Structure formats: structure tokens, C-alpha cells
Amino acid sequence: MSFNDIYIRPKASKENDWVQRMEYILQNASHRPGCILKNRADKPLIASLVQAIFNEHTFLQIYHVKIIQQIVNTLILVVARNIALKLPKNVKENTGEAVLDILHYIQQNIFEQGKLRSETISQTFGISLTYLGRYFKKQTGETLQQYISNYKLRLIETRLLHSDMRINEIANELNFTDESHLHRIFKKYKGLSPSEYRKKYT
């Protein structure tokens, strides 16, 4: 069974803005190693929702398209809740929307070094440079640079454990000066070199 835009991209309206935000969070799920469902109670919930979608698609009863659309929206919310568990420690459900947009912007542009500069982020979101740092730290418990570095480290871990990419390829992808630069940073925070980490945990 395949999903098309009718299920995950409802007509644009203010009520559906949240769905588009959830979709973007889901695009970043591939950055997370292992199962993205961190809440144990959500696993049977997801299974039942998927079964309900399958049933609706099989029997094609009246309103099945609208029902599937609602179930998919629920799936998006449940998965997004689990992904949010990997956001900075201070980010909660009621955290300001602006900082969530900044987090998503960083994730989306993590491979483009120029877009990760504080000056660029400040201009993109219309926040003064001096206020941006204080605001981000207050909302997330991390500085901008700490979050970017930690996010890159998670991407490196994922590639080491779940891909055959060479260390120099990872360094190039994430805009490190060279392989030795990545090696120093990774060992500083993880206590192992990238190759040692890959050998130990795969």
C-alpha cells in the first residue's frame, strides 16, 4: 500500500500548518539510529493505527479517505512526539515556536556551513544577533554552537554505525576541515576515535 499527497498533504489552511511542521520533523527521523519509537507504550498504538489504515484501504467504506487522513495525522503526531525526545533537554511541548523553527532550520541546513552561522540565522528569523544567543540558550539549555556540534556528532554516530561511509567522506559531508579534524572533535566528546567507535559498536 502506498500513500499519496491526499493522505499527508491536506489543503493549505491555518488548521493544517501543524501537519506540515510534523512532516518536516519526520524528514529528520532518518538522522536517528535505531527505532524512532522511544515510548514503549506508543509501539502498540502505532501498530493498531497502521492496522486501521490497512483495513480502511482494504474495505473502502464510505469516508475511508478522510478517516485514513485523520489516522495518518495521528501517526505523524505520535512519531513526532518520540522524535522530540531527542531534542535538547530543555525543549518541552510548550517551548516557544520560534526556537523549534530554528532547530528545524539547523537540521535542514546542517550540511551547509554558511547557513549555520549565527549572523545568517539571525537574519533568517529576524532576531537580533545579541538576543539570538540568549534566547536559544534559555529555551534549549544549549548554545547554538553546542546544539550544532551535538547534532553533527549524532549524525557522525549514525553514519559510523549504519553506513559504509569512509571517515574522510563523513568529514567532507559535514564540512570538517579534514579527517583529522573530525577525529579530534569526535574523540574529545566520545572518548574513542571514529574507527574505534565503529569497531566497538557495530
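**Rings, helices and confidence**

Trainee: Let's start with Tyr147: does it count as buried or exposed?
Mentor: The relative accessibility of Tyr147 is 1%, and this comes from a predicted model. Buried means under 20%, so Tyr147 counts as buried.

Trainee: Which helix holds both Tyr147 and Tyr151?
Mentor: Tyr151 has a relative accessibility of 1%, so this residue counts as buried. Tyr147 and Tyr151 sit four residues apart, about one turn of the helix. The helix that holds both covers residues 144–162, and it's H8.

Trainee: What about Phe186 and Tyr197, what sort of aromatic pair do they form?
Mentor: Their ring centres are 5.2 Å apart, and the planes make an angle of 85°. Planes over 60 degrees apart count as edge-to-face, so the Phe186 and Tyr197 pair is edge-to-face.

Trainee: How many residues apart in sequence are the parts this pair ties together?
Mentor: Phe186 belongs to helix H10 (residues 179–190), while Tyr197 belongs to helix H11 (residues 194–201). Phe186 counts as buried at 0% relative accessibility, and Tyr197 is buried too, with a relative accessible area of 9%. Because the two rings lie in these two helices, their pair ties together parts whose separation in sequence is 11 residues.

Trainee: OK, how many aromatic pairs does the count come to?
Mentor: A pair of rings is described by the distance of the centres and the angle of the planes. Rings pair if their centres lie within 6.5 Å. By this rule the count of aromatic pairs comes to six.

Trainee: And what is the angle between the planes of Tyr147 and Tyr151?
Mentor: Their centres are 6.0 Å apart, and the pair is stacked. Planes under 30 degrees apart count as stacked. For Tyr147 and Tyr151 the angle is 15°.

Trainee: Which residue is linked with Tyr147 and Tyr151 into a cluster by ring pairs?
Mentor: You've already met two members, Tyr147 and Tyr151, both in helix H8. Ring pairs link them into a cluster with Phe136.

Trainee: Moving on to Ile46, which residue is 32 positions from it in sequence but 7.8 Å away in space, C-alpha to C-alpha?
Mentor: Ile46 is found in helix H3 and is buried, with a relative accessible area of 13%. Leaving out residues up to four places away in sequence, Ile46 touches Leu37, Leu75, Val78 and Val79. The one 32 residues along and 7.8 Å from Ile46 is Val78.

Trainee: Where is Ile62 found, and is this residue buried or exposed?
Mentor: Ile62 is found in the loop between helix H3 (42–59) and helix H4 (64–84). Together with Tyr63 and Ile67, Ile62 makes a nonpolar surface patch of about 350 Å². At 67% relative accessibility, Ile62 counts as exposed.

Trainee: What are the elements of the protein, and how many helices are there?
Mentor: From the N terminus on, the elements run α-α-α-α-α-α-α-α-α-α-α. There are zero strands, and the number of helices is 11.

Trainee: Which element has the lowest mean pLDDT?
Mentor: The mean pLDDT of the protein is 80, with 73% of its residues reaching 70 or more. Helix H6 (residues 118–125) has the highest mean among the elements, 96. The lowest mean, 42, belongs to residues 5–8, helix H1.

Trainee: So how many contacts beyond near neighbours does the stretch of residues 1–17 have in the model?
Mentor: Over residues 1–17 the pLDDT is below 50. Beyond near neighbours in sequence, the number of contacts this stretch has in the model is 23.

Note on methods
Residues are numbered from 1 along each chain as its sequence is written. This is a predicted model: local features need pLDDT of at least 70, side-chain atom pairs count only at pLDDT 80 or more; totals for chains, interfaces and linings use all residues. Side-chain values use heavy atoms; hydrogens and water are left out. Patches are made of residues with over 30% relative accessible area and no salt bridge: like charges are joined within 9 Å, nonpolar side chains (Val, Leu, Ile, Met, Phe, Trp, Tyr) within 5 Å. Accessible areas come from the Shrake-Rupley method with a 1.4 Å probe; for residues, only the protein chains shown count as cover. A salt bridge is a side-chain nitrogen of Lys or Arg within 4 Å of a carboxyl oxygen of Asp or Glu. Buried means under 20% relative accessible area, exposed over 50%, partly exposed in between (1.4 Å probe, protein chains only). Contact means heavy atoms within 4.5 Å. pLDDT is the predictor's confidence in each residue, from 0 to 100.
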